[in-house]
Amino acid sequence: MRDKYLMAIDAGTGSVRVILFDTRGNEHQVSQSEWVHTEDPRFPGSMDFDVNTNLKIIIQLMNETLIKSNVNPKDILSISTTSMREAIVLYDDNGAELWACANVDSRATTEVSNLHKINDRLESEIYQLSGQTFSLGAIPRILWVKNNLPDMYKKVRYVTMLNDWITYRLTDIISVEPSNGCTTGIFDIKKRVWDPEIAKKVGLKSDIYPLVFESGTVIGKVTDSMSGLTGLSSDTIVVAGGGDAQLGCIGMGVINEGDAAILGGSFWQYEYTTKSVQMDDECKVRINCHAVPDTWQYEAIAFFPGLVMRWFRDAFCELEKYIENETGESIYSQMENRARNVPAGSLGMLSTFSDKMNYISWKHAAPGFLNFKLDPVKFNKATFYRAIMENAAFVARGNMESVNNITNTSPDSVIFGGGASKSDLWCQILSDVLNKTVKVPVVKEATALGAAICAGVGANVYNHFDDAISRVVKIERTYTPIIENHSVYEGIYKKWEKVYSNQLSLADQGFTEHMWIAPGL
């Protein structure tokens, strides 16, 4: 019998990929392309998503995947989609895209300020319904369209997220699924459906919210026109997917009560799974629908750990780049080997990049390194490199503790996925700082695997999500805390909290610049 396949379309911030998995969870073929989101010079902070150009890229990648894989299109049972969260698309009555933005769009600062003027409790009131604040949600962005492009706003008939847009383009059916749809801030988080009353509270249309399908639900089949463009079979079904973090958790097997994960990419997301929702009175962490029915996640985000590491590589590692070109050993591998020789705690040096998440007042101090000495033997590139790793782990610990305070629980272990989990040293540092067992799955690109699992659930390849996970998700490495290192980190973490608070105060007073600050603050 011939193998059957599941296709995942993964639309990230910087690139989009089409990945073909077999039904055992093995990656069979990958096609990838970078894409760029451009600022409209008329609107500072804007980051437009070019639907026409980017649809052509996705179609080209689907073609490329079919050709390179040499798979019969009829053997692709189903397709599912995942994407960066917070990226939104607006449509007219005919389903034509009117406007779209990427998740990094920050043009709506004025709209956030105006929302605060309506009622200084409005944001927290909406949070208690939706689990979202104005920092990332769609409300300020759609209000921006209303205020700045009023003729366009009058035509708006539907709003979806980016993964739903790809599903629509495959099926001609406009819909959303809860795990990404809830990040708009216009969802009733407990009921997992749109809440038009939230839209009314902020002055938005209350009738532009399409059907909701749970992840793993069949939406339709590939249309004849899309079949002709891509080479896919029109018998292939298309299944509701989800937001990247939530599908990443599915791809790591994090779907049951008390399961926890850290997705270590450009940002680090800490995800804690629950079958019931208790709102956070302090509005510090985000609450999302999981991409599994009747399941939710508390989420706390660390800004830029992966991007900080990339910055350090590009700014200071010219010699290591030369060695990489000569020997093939990556810059990251070289730096990690050297950082292993730096003691836990980086000889007392601290770095300030991301802070613990405070969703209702979200901002970060100026990036910096503190408490190092002018000793090139002890305080060199390797020490700075390790300090960056430790900063990320400190933020992860603070975020975990914030969620623990809401749930009155703490996970027994943490699944660590994404690019950062490829680093043995970073995994061990994380285990030591958290004082938790850290497990790393075999498949590092868990988000795409999560999309494939959704596709397989919809196609009845798997009976349910638990069945799929038992069959395709495997753990590759396990790290346990080194007691001596944890003892060192206990003291340094408390210092880091105090130092970070002081550094944030300097930025708040204008003496330094925030690394990032939410719109309207």
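How much area does the protein expose, and what share of it do carbon and sulfur atoms supply? The exposed area is about 20400 Å², and carbon and sulfur atoms supply 50% of it. The points below concern a predicted model.

1. Overall dimensions. The protein contains 18 helices and 24 strands. Its radius of gyration is 23 Å, close to the 24 Å that the globule rule gives for 521 residues, so the protein is as compact as a globular protein of that length. Along the principal axes, the C-alpha atoms fill a box of roughly 65 × 60 × 45 Å.

2. Burial and contact order. Buried residues make up 60% of the 521 in the protein. When contacts between residues at least 6 apart in sequence are considered, 71% of them join residues at least 24 apart.

3. Charge distribution. The protein carries 50 positive and 63 negative charges. The mean positions of these two sets are 1 Å apart.

4. Arg286, location and burial. This residue belongs to strand 16, which covers residues 286–289. Arg286 has a relative accessible area of 0% and therefore counts as buried, the cut-off being under 20%.

5. Arg286, polar partners. Two side-chain pairings deserve inspection. The side chain of Arg286 makes a polar contact of 2.6 Å with the side chain of Glu86. Another polar contact, at 3.2 Å, links the side chains of Arg286 and Tyr359.

6. Arg286, wider surroundings. Leaving aside residues up to four places away in sequence, Arg286 touches Arg85, Glu86, Gly131, Gln132, Leu136 and Thr183, and also Gln297, Tyr298, Glu299, Ile301, Met357 and Tyr359. Glu86 and Tyr359, the polar partners named above, are thus listed among these contacts.

7. Backbone at Asn70. Most residues other than glycine have a negative phi. Asn70 has a positive phi, near 60 degrees. Asn70 is placed in the loop between helix 1 (51–69) and strand 4 (76–83). With a relative accessible area of 70%, Asn70 is exposed, because the cut-off for that class is over 50%.

8. Backbone at Leu347. A positive phi near 60 degrees is also found at Leu347, a residue other than glycine. The loop that holds Leu347 runs between helix 13 (331–339) and strand 18 (350–352). Is Leu347 buried, partly exposed or exposed? Its relative accessible area is 34%, so Leu347 is partly exposed.

Notes. Residues are numbered from 1 along each chain as its sequence is written. This is a predicted model: local features need pLDDT of at least 70, side-chain atom pairs count only at pLDDT 80 or more; totals for chains, interfaces and linings use all residues. Side-chain values use heavy atoms; hydrogens and water are left out. Helices (H or I, at least four residues) and strands (E, at least two) are DSSP runs, numbered from the N terminus. Buried means under 20% relative accessible area, exposed over 50%, partly exposed in between (1.4 Å probe, protein chains only). A polar contact is a pair of N or O atoms within 3.5 Å; within protein, one must be able to donate a hydrogen and the other to accept it, and residues adjacent in sequence count only if both atoms are side-chain atoms. Contact means heavy atoms within 4.5 Å. The radius of gyration is taken over C-alpha atoms; the globule rule is 2.2 Å times the number of residues to the power 0.38. Accessible areas come from the Shrake-Rupley method with a 1.4 Å probe; for residues, only the protein chains shown count as cover. Lys and Arg count as positive and Asp and Glu as negative; His and the chain ends are not counted. The place of a charge is taken as NZ of Lys, CZ of Arg, CG of Asp or CD of Glu.
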